[in-house]
Amino acid sequence: MKGKKEKRKDVLLAKQYGMFGNLCFVLKHTMKCHPSLLLLCILSAAVGIVIPVVTTFLPKIVIEYITAVKGIKATVIVTVAGTGVLAICTGLRVLLDKVAFFHKLRMNTYYTELVARKGMTADYCHQETERFRKLQSESIASCNGNFSPLTQVYDVGIALCTSGLGFFLYFGILAQLNVYLVLFLVLMTLIGYLLNQRVLRWMEQNQAERAGYRQKTGYLTQVSGDLKSAKDIRLYHMTGWLGDIYQKNIKELGAWYRRYTKQVFGVAAGESGLSLLREIVAYVYLIYRVMDGTLGVADFVLYFGVITGFSTWLSAIFGQVTSLRRIGMTVNYLRNFLDYPDAFLRDGGLWSEEFMAGPKEISFCNVCYRYEGAEQDTLSGLNLTIAPKEHLAVVGLNGAGKTTLVKLLCGLTDPTEGTVCYGGTDVKEYNRDKYYELFSAVFQQFSLLPVTFAEAVAEEEPSRIDRRKVEACLRKAGLWEKIASLEEGIDSEYSREVNDNGIGLSGGQIQKLLLARALYRNAPVMVLDEPTAALDPIAESNLYETYNEVMKDCSAVFISHRLASTRFCDRIVLLEDGRIIEEGTHAELIAKQGRYYELFETQAKYYREHSGEGGVAE
């Protein structure tokens, strides 16, 4: 049933823009980015029509010179002139192609930047939807490589212009020979074109299936070379397992291409038969005219070449229109991705620099949240208020909804029901990009680029970094001595992923670097979403207390499944099944001897029994 549904409609496309609309899209962006590429395409098309025309007419002229006995000298001059024009045009065509190739690569880079920027600026919640991720994958593929679909547009455009000019020129010549012959050639070629549309329609209806396989194989290829996955792959002997998954998807992708090949083979066989019939009829007619004495040798050679050229031009026009439609499917994906609608306010959203002056009250009112495709809410009827400068701990077992709460707090997604307010105003009313500036966040799955330590802390271009502030933040985070001992200090590069001389850090040191980054941002609200989960309990507790001390003038939200790590907080809320079931200080919750007390005692007992074990130490 799934396959039949996909054949009826491409689920990835919200809008079909049409071939003409897609061409206008490409032309508009080419004019904006590299207008000289269009001039190169026009020149290339003009040169492209000269070469076959000279090749077709030159034999006729030479034969006429010979049969008219105009002399060897005149015949040689005409021949040399014709071949000279051919040589010049051929050389010019090669030069234009090479120059255009460079400009097409620049357009590739331009489109790649558009896709990357959309991926980084789109509402975060889109990244959690399958359709957005698949469109993103297809859009990246559309401008990836020297012969990407978006660079093929120019080649097809040049060929289409050349074929169109050649068609009209040769149509005028053949019309003088026999109009019915021209109509016959057009009819045969048109039937071939209609056959090709069957393949194109099949591709349009089944493209989403191929996109899914390509996305999975691309992900597996990335994981196999990912440094973060390298240890697990070896220790858990995942090579065979990953290989089996990869082969399974490759097999399914191969099956898709086999079905596609069957479609293409059937159409190609029919088109070849039509082409053979077309050529036989045309050449029999020419031979008949010669035998009848109504067509001379020179004209026979001319028309022989013109018929071949006319059929080639006509087939090329239909073929290039088909190619444009095929490429248009890719452009459709790209445009659907770039036009993917965002719900968050940017321009026109509420904002004032006063919001950065200090933390404001944050409140959750009857908040529910359900992920796409989920059968039940992750958060349900949540009510919570965080006072300015309050240090709140949100604890609970895995799957309780802690990370979802953080996403809602930071404005990365909006609740399915209810409201999240900052300073008494619904987060939806804020300029969302500015709203993000209110938060310094350290996530469990953090991102640190392989740049200098100064850049890693400031996340700014070198010329805009306040180096004294970087040093002060590293000192507060307790990492300054380590960085200062390096040969190039804060200008030393972090990580060996890019630079062989890069500096590696332990788990605890990485957490201190993340703390320094958060301090440099100096935002009113600090969020820590289990960034220390890889550390042992003592190291985590010590680091959290460091965060608590240096963030005393901020509101802070500490997320952890280890209850002992957050007992210093002003208040603790315990999440379970998406609801707050208990809240209070650590002492109050222990005295209550409820669910918090039960979990705390269970964890304490475990750590007492496994005191020699732990995570990554400093």
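Two strands pair if DSSP finds at least two bridges between them. The model shown in these views is predicted.

**View 1. Six strands make an open, mixed sheet.** The 6 strands follow the order 6-7-8-3-9-10, and their pairing is mixed. Strand 6 (439–443) and strand 10 (579–584) are the edges, each pairing on one side only. Neighbouring strands are turned by 15 degrees against each other on average, direction ignored.

**View 2. Strand 3 runs parallel to strand 8.** Strand 3 covers residues 391–395, and strand 8 covers residues 555–560. The two are joined by 5 bridges. One residue to look for is Leu-392, whose bridge partner in strand 8 is Val-557.

**View 3. Helix 16 lies across strand 6 and strand 7.** The helix spans residues 507–521. Strand 7 comprises residues 525–529. Helix 16 runs at about 170 degrees to strand 6.

**View 4. The largest nonpolar core holds 47 residues.** Phe-453, Val-470, Leu-474, Leu-513, Met-526, Tyr-547 and Tyr-596 touch the most other members. Helix 16 gives the most to this core, with 8 residues. Another core, of 36 residues, lies apart from it. Leu-150, Ile-158, Ala-211 and Leu-324 are among the members of that other core.

**View 5. Phe-453 and its contacts.** Residues up to four places away in sequence are not counted here. Phe-453 touches Ile-483, Leu-486, Gly-489, Ile-490 and Ser-492. Phe-453 also touches Glu-493, Tyr-494, Ile-503, Leu-505 and Leu-513. Of these partners, Leu-513 is listed with Phe-453 among the core residues that touch the most other members.

Technical notes
Residues numbered from 1 in each chain as written. Predicted model: local features only at pLDDT ≥ 70, side-chain atom pairs only at ≥ 80, totals over all residues. Heavy atoms only, no water. Helix = DSSP H or I, 4+ residues; strand = E, 2+ residues; numbered from the N terminus. Axes fitted to C-alpha atoms, helices over the stretch in contact; angles between N-to-C directions. Contact = heavy atoms within 4.5 Å. Core = buried A, V, L, I, M, F, W, Y, C linked by side-chain atoms within 4.5 Å. Buried < 20%, exposed > 50% of the residue type's maximum accessible area, 1.4 Å probe, protein only.
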